[in-house]
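Subject: The structure we talked about

Dear colleague,

I am handing over the structure below, and after it I describe what was found in it. Please keep it open beside this message while you read.

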Amino acid sequence: ECHQVQILGMCGILGTLKYDSLSSCVRLDPVALGALQARGPDGQGVWEGRGIAMGMRRLAINGLKNGQQPFFNEDRSVVAVANGEIYNYVELRTELQKRGHQFQGDSDCEVMVHLYEEKGKDFASEMAGMFACAIWDQKKRRLVLARDRMGEKPLYIYRRGGELSFGSEIRALCRLAKARYSLDASALAEFLLFEYVHDPKTPIKGITKLAPGTCLAVEGDSGRE
């Protein structure tokens, strides 16, 4: 039976969606998640379900006592992990509560699951801040990845066969996906010329970066975007 672990976690996220394993529970490699410990020394949280697993490491800033992740909506059909800060969360929370949404803690990032209920994949446009997040909609079997408009928080993606993996760091993502490090010559040339690698490229072949201000929705049953 799939299980959930809800401990503290905030400043690095990691997860994998397996289209060919929808009938079985996916487990998140604890060693891969541990590679994010430097980003989030204050704790971790994991959610594992049919075809998908997500986790995070947390640096406690907002919601020190009860900012546990993952975050859930009222009927636990929407689950989210996030890295970042939402500057306008007080206003968003107040408005969402007026609409009947119930919050479990005081973390700024908890507004994400309720905004998703209201706005769907356009939820991120309502938030001001720096963030990278992953939302799993259990009813629609849909994974939504989002990144802030300025691109202050990173989010990397690796696709192979019947799976998509994502993470805040390339090192942890490679460990999770068991991907081999192989330099991308064109990305290296860009870095030497511009001292920067343009999105969606990264220095590693097969790993891309979600562009700033982007919200990517992936169907869990097929991998279609």
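Before anything else, a word on terms: a helix here is a DSSP run of H or I with at least four residues, and helices are numbered from the N terminus. In that numbering, E118 lies in helix 3, a residue to which I return further down. Please also bear in mind that this is a predicted model.

As an overview, the protein has 5 helices and 12 strands, and of its 225 residues 54% count as buried. Its accessible surface comes to about 10500 Å², with 50% of that belonging to carbon and sulfur atoms. If you look at the contacts in the protein with a separation of 6 or more, 60% of them are accounted for by residues 24 or more positions apart.

A good place to begin is strand 2, which covers residues 12-18: 6 of its 7 residues are buried, so the strand is largely enclosed by the rest of the structure. Strand 2 pairs in the antiparallel sense with strand 4 (residues 52-57), over 6 bridges, and it is also joined by 5 bridges to strand 10 (residues 163-167), again running antiparallel. L14 shows both pairings, since its bridge partner in strand 4 is G55, while in strand 10 its bridge partner is G167.

Elsewhere there is an open sheet of 5 strands, in the order 5-6-7-8-12 and with antiparallel pairing. Strand 5 (71-72) and strand 12 (215-219) stand at the edges of this sheet, each with a single partner strand, so one side of each is left without a neighbour in the sheet. Further in, strand 6 (residues 78-86) and strand 7 (residues 129-137) pair in the antiparallel sense over 9 bridges, and you can find V79 standing opposite W136 of strand 7.

Helix 3 (residues 111-119) lies across strand 5, strand 6, strand 7 and strand 8 (142-147), and runs at about 120° to strand 6. Is E118, in this helix, buried or exposed? Buried would require a relative accessible area under 20% and exposed one over 50%, so E118, at 36%, is partly exposed. Leaving aside its neighbours within four places in sequence, E118 is in contact with L96, R99 and H101. Of these, L96 is 22 residues from E118 in sequence, and the two are 8.8 Å apart in space, C-alpha to C-alpha.

With best wishes

Notes. Residues numbered from 1 in each chain as written. Predicted model: local features only at pLDDT ≥ 70, side-chain atom pairs only at ≥ 80, totals over all residues. Heavy atoms only, no water. Helix = DSSP H or I, 4+ residues; strand = E, 2+ residues; numbered from the N terminus. Buried < 20%, exposed > 50% of the residue type's maximum accessible area, 1.4 Å probe, protein only. Contact = heavy atoms within 4.5 Å. Areas by Shrake-Rupley, 256 points an atom, 1.4 Å probe, with all protein chains shown as cover. Pairing = 2+ DSSP bridges. Axes fitted to C-alpha atoms, helices over the stretch in contact; angles between N-to-C directions.
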